[in-house]
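Hello,

The chain we talked about is pasted below, with its sequence. My notes on it follow, for you to read next to the structure.

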Amino acid sequence: GIIDYGIIGKITNQEQENFYNFFVKTFIENNIEESRNICIEKFLVKLNEDKKNDINMQELSKDITAVIRNMLDNTFDINPEFLYITNNKLYKHNLKLIEYFCKIEIALAISQCSTKFLSDKNMLSTTVEMFKKYYIE
């Protein structure tokens, strides 16, 4: 589980399934295309409802792919810089991450920082190893 200090609260079964699918496609299968598609379809909402939103899907896909690649290339490190870069890329498309995904992301970042402080290990890479060992095999 994730030590979330009460940040996540409650999420629906569908939200859990969406995050689970994203996690598996991203971290277990390294399927960036499917991961990107889940992100675009399930985790993005308009930032400003009043602003006309003509989304350039090719540019959005490129930006989301870059964010996912960056996360995977940096050994799954979710930190304030990662969140800042992600939001900057989304804001230019008048998009933001849906609230429940942000809560999960923040909880993961807190757990990541706590794990690094206590054991000098990467929480997400350890979680991926455990997931592959006990759930995939």
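Helix 2 buries Ile32, Ser35, Arg36, Ile38, Cys39 and Ile40. These buried residues pack against helix 1, strand 1 (44-46) and helix 3. Please keep in mind throughout that this is a predicted model.

One of the partners on the helix 3 side can be named. Ser61 sits in helix 3, and beyond its neighbours within four places in sequence it is in contact with Arg36 and Ile40. Both of those belong to the buried set of helix 2. Ser61 itself counts as buried because its relative accessibility is 18%, and the cut-off is under 20%.

On the other side of helix 2 in sequence is helix 1, which covers residues 13-28, 16 residues in all. From first C-alpha to last it reaches 21 Å, close to the 22 Å expected at 1.5 Å a residue. Its buried residues are Asn18, Phe19, Phe22, Phe23, Val24, Thr26, Phe27 and Ile28. As background to such lists, an α-helix has 3.6 residues a turn, so residues three or four places apart point the same way.

Thr26, in helix 1, is worth a look on screen. Its relative accessibility is 1%, so it counts as buried. Leaving aside neighbours within four places in sequence, Thr26 is in contact with Ser35, Ile68, Met71 and Leu72. Ser35 is one of the buried residues of helix 2. The pair Thr26 and Ile68 is separated by 42 residues in sequence, while their C-alpha atoms are 7.7 Å apart in space.

Two backbone points next. Just after helix 1, Asn30 has a positive phi of about 50 degrees, although it is not a glycine. This residue lies in the loop between helix 1 and helix 2 (32-42). With a relative accessible area of 45%, Asn30 is partly exposed. Asn94 also takes a positive phi without being a glycine, here near 60 degrees. Its place is the loop between helix 4 and strand 2 (95-97). Asn94 counts as buried, at 3% relative accessibility, whereas Asn30 is partly exposed.

Then the interior. How many cavities of 30 Å³ or more does a search of the whole structure find? The search finds 1, and the volume of the largest cavity is about 160 Å³. Its lining is made up of 17 residues, and Phe22, Met71, Phe82, Phe101 and Glu105 lie nearest the centre. Helix 1, helix 3 (57-73), helix 4 (80-91) and helix 5 (99-119) are the elements that give two or more residues to this lining. Sorted by class, the lining has 15 nonpolar residues, 1 polar and 1 charged.

Several of these lining residues come up elsewhere in these notes. Phe22 is on the list of buried residues in helix 1, and Met71 is one of the contacts of Thr26. Phe82 is found in helix 4 and is buried, with a relative accessible area of 6%. Its C-alpha atom and that of Ala109 are separated by 9.7 Å, with their positions 27 residues apart along the chain.

Helix 4 also holds Thr86. What does Thr86 touch, not counting residues up to four places away in sequence? The answer is Val67 and Leu97. Val67 falls within helix 3 (57-73), and Leu97 falls within strand 2 (95-97). Thr86 is buried as well, with a relative accessible area of 7%.

Last, the chain as a whole. There are 6 helices and 2 strands, and read along the sequence the pattern is α-α-β-α-α-β-α-α. Of the 137 residues, 39% count as buried. Among contacts with a separation of 6 or more, 74% come from residues 24 or more positions apart. The chain exposes about 8600 Å², of which carbon and sulfur atoms supply 51%.

If you go through the model in the viewer, Thr26 with its contacts Ser35, Ile68, Met71 and Leu72 could be a place to start, followed by the lining residues nearest the centre of the cavity, Phe22, Met71, Phe82, Phe101 and Glu105.

Regards

How values were computed:
Residues are numbered from 1 along each chain as its sequence is written. This is a predicted model: local features need pLDDT of at least 70, side-chain atom pairs count only at pLDDT 80 or more; totals for chains, interfaces and linings use all residues. Side-chain values use heavy atoms; hydrogens and water are left out. Helices (H or I, at least four residues) and strands (E, at least two) are DSSP runs, numbered from the N terminus. The expected span of a helix is 1.5 Å times one less than its number of residues. Buried means under 20% relative accessible area, exposed over 50%, partly exposed in between (1.4 Å probe, protein chains only). On a 1 Å grid over the protein atoms alone, a cavity is a set of points where a 1.4 Å probe fits but cannot get out, and a pocket is an open set with protein on both sides within 12 Å along at least five of seven lines; lining residues have an atom within 4 Å of a point. Grid points are joined across faces, edges and corners, and a volume is the space filled by probe spheres set on the points. Ala, Val, Leu, Ile, Met, Phe, Trp, Tyr, Cys and Pro count as nonpolar, Asp, Glu, Lys and Arg as charged, and the others, Gly among them, as polar. Contact means heavy atoms within 4.5 Å. Accessible areas come from the Shrake-Rupley method with a 1.4 Å probe; for residues, only the protein chains shown count as cover.
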